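Subject: Handing over the two-chain model

Dear colleague,

I am passing this structure on to you, and below it I have written out what was found in it. Please keep the structure open while you read, so that you can look up each place as it comes.

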Amino acid sequence: MQILSALVSVVGGLAVSFLIYLGLNFVVQKTNRKWEARLLPYVFIGPVLVLIAAFLVYPAVRTFYLSFFNATGLAFIGFDNYTSLFGSGDFLNVLLNNLLWILIVPASAVAIGLLVAVFADKVGPTREKIFKSTIFLPMAISFVAAATIWRFVYTYNPPGQPQVGLLNAIVTGVTNGDPVPWLTVDTAKLNSILLMIVVIWLNAGFAMVLLSAAIKGVPEETIEASRIDGANERQTFFQVIVPQISTTIVAVFITILIGVMKIFDIVYAMTGGAYGTSVLGMEFINQLFSFGNPGKAAAVVTVLMVAVIPVIYYQVRSYRRQETLR
Amino acid sequence: MTAVIPTPVTVSTDKQDKAIAKARTRSLAPKPKKRIVLSLVLLFFAVLWMLPLLGLLVTSFRSRVDATSSGWWTAIADPFGQQWTTQNFVDSFIKLDIGTNFFNSIAVAVPATILPIMFAAFAAYAFTFMDFKGKEVYFATVIGLLVVPLQVALVPILQAYVQLQKALGIQIVGTFPAAWIVHSAFALPLAIYILRNYMATLPVALIEAARVDGASHFVIFWRLIVPMSVPALASFAIFQFLWVWNDYLVAFIFLGNRNPVLQQALYALLGQYGQGWQGVAAGSFITIIVPVILFFSLQRYFVRGLTAGSVK
């Protein structure tokens, strides 16, 4: 029964959406030629504009507005949500965590992706395929499943009990010391870094695939020419190949950066934001559900949005530049 | 892609002559010894990348006693001193309520994949082949929205759904369409961007010829552009399907406990690792299977689509 109703709503939903286009097109075609030419583009982009306005632009504005209201959303309280957020050490720690995520994860994922892409390019097609698939595989794995996989790696049992977690088994085996409850150790942000490793593990494959494609697109003549000019492998790589794939490097970096800024699932499923590992995406859910304060949750998201603005600016600017070159 | 002129490498002429001689003797492929070193470095990363997964896979077949009393690596070292079992999968199958949640995941993911592609294809066509006022501004907006975090929209949309629910008297939060629309809307900027980049590579002359022959934009779109864009459409479809299938946040907020998807069931199962990791491990594998199979069977299209979007 459940399956049947799901099927009906799937087919229905798809049919209705298509009929919207068909209907709009039909109506516009009934008008005269001049109006048709004028209106038809809006038939094509209209539904998208409506969706984007209703589900992206309006909510963003509304979130900003809500951030000045209290938990019930009824009383205007000015900047109180913000002052209370920035006045708490916990929130400053959240910001610090986000900053560390931004600094560490995209750069590491790109570096590993680039290294694998470059090396795999030189070891022959069979090995290349195997190694690349291996690094690529985590891309298909969900955040929750990845969190499971890595919580198992980091898992802790009290001293004396058998350590079934790989990391603790290595530590106790090698140093003969006590096992460490890794995810609770905030010293030097160790637990946050362990969470970042999971996301690097997930994203390196993405970086590798795009960078590998870019490297293969570098004209052979330019590499050959630099060799003839006497450049060694390293010089060829940094002075000939890297400049030619720099746009891809930046694109990959930004894509991962955006994903990392709003990271939530991994933190949620691994520590729930406890032990000083919280990030903005996690803090938002905490404020919304644990503390039942949509106003403050909106303020958290507004902070996130402000942090994203430079990236938006960069994206639009580089798109504009590309268009003028086209 | 902006053509970047490689930095010229300056070397003195006598060095240059030597280098030319050296380059001529050397084939393009690296020396065998170097290949081994490179392979070893790659092997290191490959092992590092697979180790966590291997641990999970091995553990999912171990008995509870074994899984709680020794690490999974002991099972590899001593495969015959172990009790292997498939019971964990049976248990997890029941705990995850696969019968319901699997279909919920599909019921969310299929329309949430097709809808944004359809919407985005229409829009991308307009952005590529039609002229209208404000086209540039609209497209720049789409580019800007590429990076807007999902969290921005959650509270207002949830509130709007609840208000609509009160006004109309029908259930919205917890139903599939509630999640489809959110997934679709947030997929649109990327879908439009990728599809437009692809369509911009299609021959304009062909479209103009069809226009001269009297074909309407709607017909050109359906008969010409959509069939020609299949590679880009397919690759975005894979990308979006994986994204929706693996999503937790949207499902958590808009489907809740009414129509839970697999990821929610897995999250609930994760809380039970106290009873040994074997159950959680088996459950994780069950949820990974669909995306991994899909991913590897369609890998080629997936990669092509990704590279069509950002590498030009």
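Chain A of this predicted model is divided into domain 1, which covers residues 2–66, and domain 2, which covers residues 94–325. The C-alpha centres of these two domains of chain A lie 36 Å apart, and where the domains meet, 4 residues of domain 1 are in contact with 6 residues of domain 2. On the domain 1 side of that contact in chain A, 3 residues are nonpolar and 1 is polar, while none is charged.

Chain B is also divided into a domain 1, here residues 16–84, and a domain 2, here residues 96–310. Taken over C-alpha atoms, the centres of the two domains of chain B are separated by 35 Å, and the contact takes 8 residues from domain 1 and 7 residues from domain 2 of chain B. On the domain 1 side, helix H2 (32–60) and helix H3 (64–69) of chain B each supply at least two of the residues that touch domain 2, and the largest share, 4 residues, comes from H2(B). Sorted by class, this side of domain 1 of chain B has 3 nonpolar, 3 polar and 2 charged residues.

As for how far the coordinates can be trusted, the mean pLDDT of chain A is 86, and 98% of the residues of chain A reach 70 or more. Within chain A, confidence is lowest in helix H1 (residues 2–30), with a mean of 80, and highest in H4(A), with 92. As a general caution, predicted coordinates should not be read in detail where pLDDT is low.

Next comes the contact between the chains, which takes 97 residues from chain B and 99 residues from chain A. The side of chain B that touches chain A divides into 75 nonpolar, 20 polar and 2 charged residues.

Turning to chain B as a whole, its secondary structure comes to 16 helices and 0 strands, and buried residues make up 46% of the 312 residues in the chain. If you take the contacts in chain B between residues at least 6 apart in sequence, 77% of them join residues at least 24 apart.

Which residues touch the most other members of the largest nonpolar core? That core has 190 residues, and the ones in question are Ile266(A), Ala120(B), Ala123(B), Ala179(B), Ile192(B) and Leu195(B). Helix H6 of chain B, residues 98–129, gives the largest share of this core, 19 residues. To follow one of these residues further, leave out anything up to four places away in sequence, and Leu195(B) touches Ala120(B), Ala121(B), Ala124(B), Ser229(B), Ala232(B) and Phe236(B).

Phe122(B) is also found in helix H6 of chain B. Is Phe122(B) buried or exposed? It counts as buried because it has 26 C-beta neighbours inside 10 Å, and the cut-off for that class is 20 or more. Leaving aside neighbours within four places in sequence, Phe122(B) is in contact with Tyr21(A) and Phe44(A). By contrast, the C-alpha atoms of Phe122(B) and Phe285(B), which are 163 residues apart along the chain, are separated by 38 Å.

Back in chain A, helix H5 (residues 125–136) has 12 residues and reaches 16 Å from its first C-alpha to its last, which is close to the 16 Å expected at 1.5 Å a residue. The buried residues in H5(A) are Phe131(A), Lys132(A), Thr134(A), Ile135(A) and Phe136(A). What covers them includes helix H4 (89–120) and helix H8 (190–216) of chain A, together with H2 of chain B.

Finally, please look at two residues in the loop between helix H7 (166–175) and H8 of chain A, where Ala188(A) has its place and where Lys189(A) is found too. Phi of Ala188(A) is near 55°, a positive value in a residue other than glycine, and for Lys189(A), again a residue other than glycine, phi is positive as well, near 60°. Ala188(A) counts as exposed because it has 8 C-beta neighbours inside 10 Å, whereas Lys189(A), with 18 such neighbours, counts as partly exposed.

With best wishes

Key: Residues numbered from 1 in each chain as written. Chains lettered and ligands numbered in written order. Predicted model: local features only at pLDDT ≥ 70, side-chain atom pairs only at ≥ 80, totals over all residues. Domains from an automatic or database assignment. Contact = placed C-beta atoms within 7 Å. Nonpolar A, V, L, I, M, F, W, Y, C, P; charged D, E, K, R; others polar. Core = buried A, V, L, I, M, F, W, Y, C linked by C-beta atoms within 7 Å. Buried ≥ 20, exposed ≤ 12 C-beta atoms within 10 Å, placed from the backbone. Expected span 1.5 Å × (residues − 1). pLDDT = per-residue confidence, 0-100.
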